[in-house]
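Subject: Structure handover and notes

Dear colleague,

I am handing over the structure below, and my notes on what was found in it follow directly after. Please read them with the model open beside you.

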Amino acid sequence: MDLRFQGIEKVNGALELPGDKSISHRAVIFSALADGTSYIENLSNADDVKSTMSCFKRLGCSFEKSSGMLKVTGRGFRKFNKPEALFAGNSGTTARLLSGILVAQPFASVITGDESLSMRPMKRVVDPLSEMGGIIKTTPKFTLPVSITPSEGLHAIEYRLPVASAQVKSAVLLAGLHLEEETSVVESIPSRDHTERLLSLKTLEEDGLNKIYVSRKDYPSCSEYFVPSDISTAAFFIVLTLLSENSNLVIRNISLNKTRTGIIEVLRSMGANIQEDNLKTKMGEEYGDLIVSSSVLHNVEIPKEVIPNIIDEIPILSIAGLFAEGDFRISNARELRVKETDRISAICKNMRLLGPDVTEEEDGFEISGSIKNENPTFDSFGDHRIAMAFGILSSLLKNGGNVSDFDCVRISNPDFLNQLKSITN
Ligand code: S3P
């Protein structure tokens, strides 16, 4: 069903958003690995995080809401129950991080996923986990289902990431947590570092490379986690505020981890007025309030190194770019083609409905010219971030617009529409 968005006049107010999805996955996983009870405050209510929880339920962990926190009972080192097939839903993070844990368990397991996840590449985790001695099979196209057989020969490696990916990095680190010897992962372009921070892993910077070390001594024990609010979710409301006249918005306790704040840096370089306040740090993760006001934006060149940092924000950044002065161009972002949908193709198809010139490239796209057709119906392609980006764009059009299959936003933010309503007139 299509969802209709009316054009809005201005944005005003404050938002408290759910916990960051990446940190939430990891808080659930580390609590599940630990032996006993852990607590998580401000866990994300995203369907993706529920997929991670449901896999760990099948592995014998339990979850219970307890005075605004999630109470998790974990199983301890290699003590999970042998599960029936584990369904990762739409969540790449669940499937890939779980693979790293399951190769080190004393039982066989299978991971499946929904239609979209079943088309996404798994070779990127199968390669390093096989190099570690894991026994892990996929379809001939290197997609789910993934089948894992217990291995006697799991061993430490040094792995140089061929693609900047926190999911691949984390899969190797999670397997390495089960080994006495030291595993290391080397990355040339930093990707999000929540796994390293929450586990306090030793990380060295040498010759412009990050090297992260892990072994059994880093295996998590019971803890109390605090999850700051999700900057990727905040990005939609930030762009809406910047592009609306006479608008102001405060977004509280947002994760400001430097491997995630590229969107704020890029928007600031485009002229955005975004201030930070009340900065704090818990468990190595920085967070604080963001104060956003209407701004006149101009397009800038987006450097290659920042792409992994803003990869989830490119759909909404392209909406900022459409309204900014000059042409908007993204390159070096081929990874967008293997997200929940091919996001390069999805953005280009939707932008073309509006009338500007759109040039699609293998690793990005360019948008120039202005909006000619108002009141379009955009396709979400079943992808939460495409749905929210074009929901925001519709709200910015005088006559509004429609987005198909908007319900898919539940994958990262089930409350998106209520949040939007609470800050717009
Ligand atoms: C994530 C890492 C990123 C990101 C995804 C969440 C994570 O994927 O796009 O939404 O939590 O580790 P890649 O690691 O594949 O780049």
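A place to begin is S67, which lies in the loop between β4 (62-66) and β5 (69-75). Its phi is near 35°, a positive value in a residue other than glycine. Please keep in mind throughout that this is a predicted model.

A second backbone detail concerns the loop between β8 (135-137) and β9 (146-149), where P145 is found. The peptide bond that leads from L144 to P145 is cis, with omega near 0°.

The remaining notes concern the ligand, which sits in the largest pocket. The shell around the ligand is made up of S22, R26, T93, S165, A166, Q167, R192, I311, D312 and K339, and by character these residues divide into two nonpolar, four polar and four charged. Among the helices, α1 (21-33) and α5 (166-176) each supply at least two residues of that shell. Because domain 1 (2-17 + 230-424) and domain 2 (21-153) both give residues to the shell, the ligand lies between these two domains.

As for individual polar contacts, an oxygen atom of the ligand is 2.7 Å from an N or O atom in the side chain of D312, and an oxygen atom of the ligand is likewise 2.7 Å from an N or O atom in the side chain of K339. With A166 the partner belongs to the backbone, where a polar atom is 2.9 Å from an oxygen atom of the ligand. Taken alone, the ligand exposes 380 Å², and the protein buries 93% of that area.

With best regards

Methods:
Residues are numbered from 1 along each chain as its sequence is written. This is a predicted model: local features need pLDDT of at least 70, side-chain atom pairs count only at pLDDT 80 or more; totals for chains, interfaces and linings use all residues. Side-chain values use heavy atoms; hydrogens and water are left out. A residue is near a molecule or strand if one of its heavy atoms lies within 4 Å of it. A polar contact is a pair of N or O atoms within 3.5 Å; within protein, one must be able to donate a hydrogen and the other to accept it, and residues adjacent in sequence count only if both atoms are side-chain atoms. Accessible areas come from the Shrake-Rupley method with a 1.4 Å probe; for residues, only the protein chains shown count as cover. On a 1 Å grid over the protein atoms alone, a cavity is a set of points where a 1.4 Å probe fits but cannot get out, and a pocket is an open set with protein on both sides within 12 Å along at least five of seven lines; lining residues have an atom within 4 Å of a point. A molecule sits in a cavity or pocket if more than half of its atoms lie within 2 Å of its grid points. Helices (H or I, at least four residues) and strands (E, at least two) are DSSP runs, numbered from the N terminus. Ala, Val, Leu, Ile, Met, Phe, Trp, Tyr, Cys and Pro count as nonpolar, Asp, Glu, Lys and Arg as charged, and the others, Gly among them, as polar. Domain bounds come from an automatic or database domain assignment.
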